[in-house]
Amino acid sequence: MKKRIRKENGQAMVEFALVAPIFIMLLCAVCDFGWVFACKTELVSIAGQVARDTAIHGSETAAQLMTREEQYIADNAKLCVPEIKSLTINDTTGYASVTLTETVDYITGFTGVITGGNNSKTFTVNAAAPVDPYK
């Protein structure tokens, strides 16, 4: 009986060609998720800090508060730059509230293809802090 010898030249290349797209897709998704999660976490943190700062300096005019908080965001936002949608102090409830919005672009752009062609995610965050009644 003759033994047949099968050549396996190119087997690794075929396996790589099958696995590489899935691995690259997974890697892009992990990078984009990490980036979006970090930006969202920073946005929530800055919203709370801006609400607290607004509560502390609540006696200033609305224009002064807006300028102060925009400068605070410019100094402290490291990953992304959120935009102030509203900044209010409610005298009846005694709370200062802030609404920030931010549009985060995906790093790779590949995740946008998977999620329907949208290469960005928009977040809106609300935060409130009690105004010091003993001022």
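**Exercise 1. Work out how many disulfides this predicted model holds.**

Let's start with the cut-off: a disulfide needs two cysteine sulfur atoms within 2.5 Å. Next, take C28, whose sulfur has its closest cysteine partner in C31, 6.6 Å away, which is too far for a bond. Looking from the other side, the sulfur of C31 finds its closest cysteine sulfur in C28, again at 6.6 Å and too far. The count is therefore 0 disulfides. As for their surroundings, C28 is buried at 14% relative accessibility, while C31 is partly exposed at 37%.

**Exercise 2. Check the length of α1 against its expected span, then look for a bend.**

First, α1 covers residues 11–56. At 1.5 Å a residue, its 46 residues should span 68 Å. Then compare the ends: the end C-alpha atoms are 68 Å apart, so the two values agree. Finally, follow the axis: α1 bends by about 35° at V19, and the proline P21 comes within four residues after that.

**Exercise 3. Describe how β1 and β2 pair.**

Strand β1 (residues 83–90) and strand β2 (residues 95–105) run antiparallel, joined by 7 bridges. For a concrete point in the pairing, find S86, which faces T99 in β2. Now move to the hairpin: 4 residues lie between the strands, and G94 has a positive phi near 75°.

**Exercise 4. Find which elements build the largest nonpolar core, and examine V98.**

The core has 23 residues, and V98 is among those that touch the most other members, as are I46 and L100. Two or more residues each come from α1, α2, β1, β2 and β3. The largest share, 8 residues, belongs to α1. Leaving out residues up to four places away in sequence, V98 touches partners including A47, V50, L87 and V125.

Conventions. Residues numbered from 1 in each chain as written. Predicted model: local features only at pLDDT ≥ 70, side-chain atom pairs only at ≥ 80, totals over all residues. Heavy atoms only, no water. Pairing = 2+ DSSP bridges. Core = buried A, V, L, I, M, F, W, Y, C linked by side-chain atoms within 4.5 Å. Buried < 20%, exposed > 50% of the residue type's maximum accessible area, 1.4 Å probe, protein only. Contact = heavy atoms within 4.5 Å. Expected span 1.5 Å × (residues − 1). Bend = angle between axes of the 7 residues up to and from the residue.
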